[in-house]
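Morning, everyone. Please bring up the model on your screens, and we will walk through it together.

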Amino acid sequence: MNVITPLSRAQERKAVQYVEDAFMDITSAYKKRSEPSMTKLPTLSSYLYAMQSLLAFILRIPPVDPSTPLRTTFLLRLTGDVMNSVTGYPPDMADFRQLLDFMDDLDQAWVAVLRSQIWDPDKGEGVDLIVPVDLIQSGTTIQSAPVSQTERTRLRSLLLTGTAGLEEWLAGSTPDGEDYELELERNGLFQEFNDLFANTLAELGNFAKPSDDPTMMETD
């Protein structure tokens, strides 16, 4: 059963502090990426590992108010940072499999957030939340604020402009001006790149006008 409870105020404060510190550490290390002896993130692979760990933590924040907006805010921030930072590393097809795997995780993460689901790390996807019986019996109201239209618009922009930036970045990775799409095809990666964030964009299209009222969770 996918039972989860809201974060206490103390837990929320600790979560915020952890995420803020992690963002600060990653940003600081990223700025020094051209100095391998001075940074923990000299390569794209090391950067993606760091962001994967932070993504996993953010997804542990339950979609239960008042903590729901935290998960969305931090995931938007992570998405923007990743889409802007990846292209700061030299393009290398050797790292592209890892990059696509990370982007697929991010795609699935956004689908879960847009559906107000909790994250199942074993399945690598969102699952519906079930409210504990004791909370129901106590009369506690469990709500999950939906992702706002402004946040949806920002997310769509981040994904579209970020993907366009990745295409330009890849264009500089091929020898003698060769089409990067041919290189992707040779490595069996073209279709995955072509489908980048397809699930999230489909979800955004299906729910272009979300309700302004908080959604009630399933009960069991």
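Which helices do the buried residues of helix 2 pack against? They pack against helix 1, helix 3, helix 4 and helix 6. Keep in mind that this is a predicted model.

Let me stay on helix 2. Its buried residues are L44, S45, S46, Y47, L48, M51, L54, L55, F57 and I58. A quick check on its geometry. Helix 2 has 15 residues, so at 1.5 Å a residue it should span 21 Å. Its end C-alpha atoms are 21 Å apart, which agrees with that expectation.

Now the whole chain. There are nine helices and six strands. Of the 220 residues, 42% are buried. The exposed area is about 11700 Å², and carbon and sulfur atoms supply 50% of that. What about contact range? Take contacts between residues at least 6 apart in sequence: 78% of them join residues at least 24 apart.

Next, the core. The largest nonpolar core has 54 residues. Which of its residues have the most contacts inside it? Those are Y47, L78, F96 and M103. Several helices feed this core with at least two residues each: helix 1 (9-31), helix 2 (44-58), helix 3 (68-85), helix 4 (93-114), helix 6 (149-171) and helix 7 (180-186). Helix 4 gives the most, with twelve residues.

Y47 has now come up twice: as a buried residue of helix 2, and among the core residues with the most contacts. Here is a third mention. Y30, Y47 and Y89 form one aromatic cluster.

That brings me to ring pairs. How many aromatic pairs are there? The count comes to seven. I will show two.

Pair one is F23 with F74. The ring centres of F23 and F74 are 6.4 Å apart, and their planes sit at 40°, so the pair is tilted. F23 lies in helix 1 and F74 in helix 3, so the pair ties together parts 51 residues apart in sequence. Buried or exposed? F23 is buried, at a relative accessible area of 0%. F74 also counts as buried, at 5% relative accessibility.

Pair two is F96 with F193. Here the centres of the F96 and F193 rings are 5.8 Å apart, with planes at 50°, so this pair is tilted. F96 lies in helix 4, and F193 in helix 8 (residues 190-194), so the pair links parts 97 residues apart in sequence. Both F96 and F193 are buried.

Stay with F96 for a moment. What does F96 touch, not counting residues up to four places away in sequence? The list is W169, L170, L184, L189 and F193. Recall that F96 is one of the core residues with the most contacts.

Last stop: a polar residue. Where is S67? S67 sits in the loop between helix 2 and helix 3. Why does S67 count as buried? Because its relative accessible area is 0%, and the cut-off for buried is under 20%. Does that leave its side chain a partner? Look at E12. The side chain of S67 makes a polar contact with the side chain of E12, at 2.8 Å. Leaving aside neighbours within four places in sequence, S67 is in contact with L7, E12, I61 and P62.

That is my tour. Back to you for discussion.

Notes
Residues are numbered from 1 along each chain as its sequence is written. This is a predicted model: local features need pLDDT of at least 70, side-chain atom pairs count only at pLDDT 80 or more; totals for chains, interfaces and linings use all residues. Side-chain values use heavy atoms; hydrogens and water are left out. A nonpolar core is a set of buried Ala, Val, Leu, Ile, Met, Phe, Trp, Tyr and Cys residues joined through side-chain atoms within 4.5 Å. Buried means under 20% relative accessible area, exposed over 50%, partly exposed in between (1.4 Å probe, protein chains only). Helices (H or I, at least four residues) and strands (E, at least two) are DSSP runs, numbered from the N terminus. Contact means heavy atoms within 4.5 Å. A polar contact is a pair of N or O atoms within 3.5 Å; within protein, one must be able to donate a hydrogen and the other to accept it, and residues adjacent in sequence count only if both atoms are side-chain atoms. Accessible areas come from the Shrake-Rupley method with a 1.4 Å probe; for residues, only the protein chains shown count as cover. The expected span of a helix is 1.5 Å times one less than its number of residues. Rings of Phe, Tyr and Trp (its six-membered ring) pair if their centres lie within 6.5 Å; planes under 30 degrees apart count as stacked, over 60 as edge-to-face and the rest as tilted.
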